[in-house]
Amino acid sequence: MKYINSIEGKNSSAVVLGCMRIGDMSDYEMDRYLATAFECGYNYFDHADIYHNGRCEEVFAKALKRNKVDRDKIIIQTKCGIREGMYDFSYEHIINSVDKSLKRLDTDYVDVLLLHRPDLLMDPEEVARAFDELEHSQKVRAFGVSNHSAAQIKLLNKYLNQRICINQLQLSITDCGMISSGAGVNTTFDEGINRDGYIRDYCRLHDITVQPWSPLQYGFFSGTFLDKVRFPDLCAVIDEMAEKYNVSDTGVAIAWLLRLPEKMQPVIGSTNIDRIKEIARATHVEMSREDWYKIYRAAGHILP
Ligand SMILES: NC(=O)c1ccc[n+]([C@@H]2O[C@H](COP(=O)([O-])OP(=O)(O)OC[C@H]3O[C@@H](n4cnc5c(N)ncnc54)[C@H](OP(=O)(O)O)[C@@H]3O)[C@@H](O)[C@H]2O)c1
């Protein structure tokens with residue numbers, strides 16, 4: 001495993017283990033999952049208050065306890081702000097959500113708190129008050145956002161006393177508008193349409209780590225693009241690269257994201273032990289420029 005940056009003094013694994021799909025795992029499966037994670041060098045775990053209605057945080061905390069994991073050696077990230085039928089960045093909701101997550105996670109603090117999706121009714125002064133309180137009470141060590149545009153982060157920055165250090169965004173080989181729009185500037189091609197408010201450039205300029213979520217999926221949880229029937233051209237090129245770099249197809253898909261020079265930190269959702277191991281190995285792949293572009297084009301993206 002490669003390590004990329006430091007969150008409050010803890011080095012973070014280049015790939016994050018996303019815990020959205022662990023809610024139904026048995027104790028035995030969770031123990032194997034954690035053992036594999038540590039054996040491979042993962043130390044960063046992504047949660048949200050809403051995953052399985054909080055069950056993912058509970059299952060995770062019980063597994064940490066059973067396996068006597070040193071809390072201070074791992075990075076736990078959680079999110080708040082999504083409620084049934086609405087988004088909510090009110091002071092009360094943020095504070096209550098963190099308190100409930102801490103209880104479920106059975107810990108005194110989370111390393112990172114993300115605002116999950118932009119609340120259309122957000123009052124940034126309320127967010128600032130909540131963040132100040134969470135920082136002063138030492139319940140949260142670092143702050144970030146998810147699915148936010150550059151302008152939305154700028155607005156928050158005007159009021160916050162804390163640095164936004166993470167932006168978690170949907171990004172994969174097939175769903176990479178935030179990257180491909182950069183190649184289509186000043187064209188009439190659809191790929192030139194910027195839907196993300198220049199978020200890639202903004203994050204680079206401000207040293208905000210982008211965490212690609214659903215890095216193996218296409219569409220909105222539509223399935224994986226590592227499906228040879230649905231994506232024959234892309235999978236053929238990925239298989240060729242898998243052979244060349246001596247990693248699995250899954251490994252190639254993650255190595256493609258890690259090749260982006262700003263050091264993105266993919267959040268993988270697999271609970272499959274073999275895939276988790278393959279991805280850790282792939283963090284050492286140094287993909288050539290030619291191969292990166294070959295995969296990009298095989299996914300149907302154009303270069304004007
Ligand atoms: N911020 C946000 O708005 C947001 C939204 C969604 C998710 N997230 C975070 O991102 C994490 C990752 O999301 P995700 O789970 O959608 O990501 P993902 O890693 O793209 O997808 C994982 C899913 O794909 C399956 N899969 C992977 N490779 C496969 C293959 N070759 N063949 C068949 N199935 C395959 C996995 O099954 P196996 O378990 O069998 O490998 C798992 O069900 C989540 O856990 C969560 O932490 C954040």
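**Exercise 1. The ligand shell**

How many nonpolar, polar and charged residues does the shell around the ligand have? State also which residues come nearest to the ligand.

*Solution.* The model is a predicted one.
- Step 1. Sorted by class, the shell holds nine nonpolar, 12 polar and three charged residues.
- Step 2. There are 24 residues around the ligand, and those that come nearest are Gly18, Met20, Leu216, Gly269 and Ser270.

**Exercise 2. Strand E10 and its partners**

Determine how strand E10 pairs with strands E9 and E11, and decide whether E10 is enclosed or open.

*Solution.*
- Step 1. Begin with E9 (residues 140–146), which pairs with E10 in the parallel sense over three bridges. Within this pairing, Phe143 has Ile164 of E10 as its bridge partner.
- Step 2. Follow the chain between these two strands: from E9 it passes through helix H5 (residues 150–159) to E10, and the β-α-β crossover is right-handed.
- Step 3. Turn to E11 (residues 209–213), which runs parallel to E10 and is joined to E10 by five bridges. Here Leu169 has Pro212 of E11 as its bridge partner.
- Step 4. Consider burial. E10 covers residues 164–170, and five of its seven residues are buried; therefore the strand is largely enclosed by the rest of the structure.

**Exercise 3. The two sides of helix H8**

Compare the length of helix H8 with the expected value, and explain why its buried residues line one face.

*Solution.*
- Step 1. H8 (residues 232–245) has 14 residues; its first and last C-alpha atoms are 20 Å apart, close to the 20 Å expected at 1.5 Å a residue.
- Step 2. The buried residues of H8 are Leu234, Ile238, Met241 and Ala242.
- Step 3. Viewed down the axis of H8, these buried residues fall within an arc of 105°, so they line one face of the helix.
- Step 4. The general rule is that an α-helix has 3.6 residues a turn, so residues three or four places apart point the same way.
- Step 5. On the other side of H8, the exposed residues are Pro232, Asp233, Ala236 and Glu243.

**Exercise 4. Two residues in helices**

Classify Ala63 and Gln152 as buried or exposed.

*Solution.*
- Step 1. The cut-off needed is 20 or more other C-beta atoms within 10 Å for a buried residue.
- Step 2. Ala63, in helix H2 (residues 55–66), has 20 other C-beta atoms within 10 Å and is therefore buried.
- Step 3. Gln152 lies in helix H5. With 20 C-beta neighbours inside 10 Å, Gln152 also counts as buried.
- Step 4. For orientation, the C-alpha atoms of Ala63 and Tyr91 are separated by 31 Å, and those of Gln152 and His47 by 22 Å.

Definitions and conventions. Residues numbered from 1 in each chain as written. Predicted model: local features only at pLDDT ≥ 70, side-chain atom pairs only at ≥ 80, totals over all residues. Buried ≥ 20, exposed ≤ 12 C-beta atoms within 10 Å, placed from the backbone. Helix = DSSP H or I, 4+ residues; strand = E, 2+ residues; numbered from the N terminus. Pairing = 2+ DSSP bridges. Right-handed = clockwise from strand over helix to strand, strands pointing away. Near = placed C-beta within 6 Å. Nonpolar A, V, L, I, M, F, W, Y, C, P; charged D, E, K, R; others polar. Expected span 1.5 Å × (residues − 1). Arc of directions from axis to C-beta.
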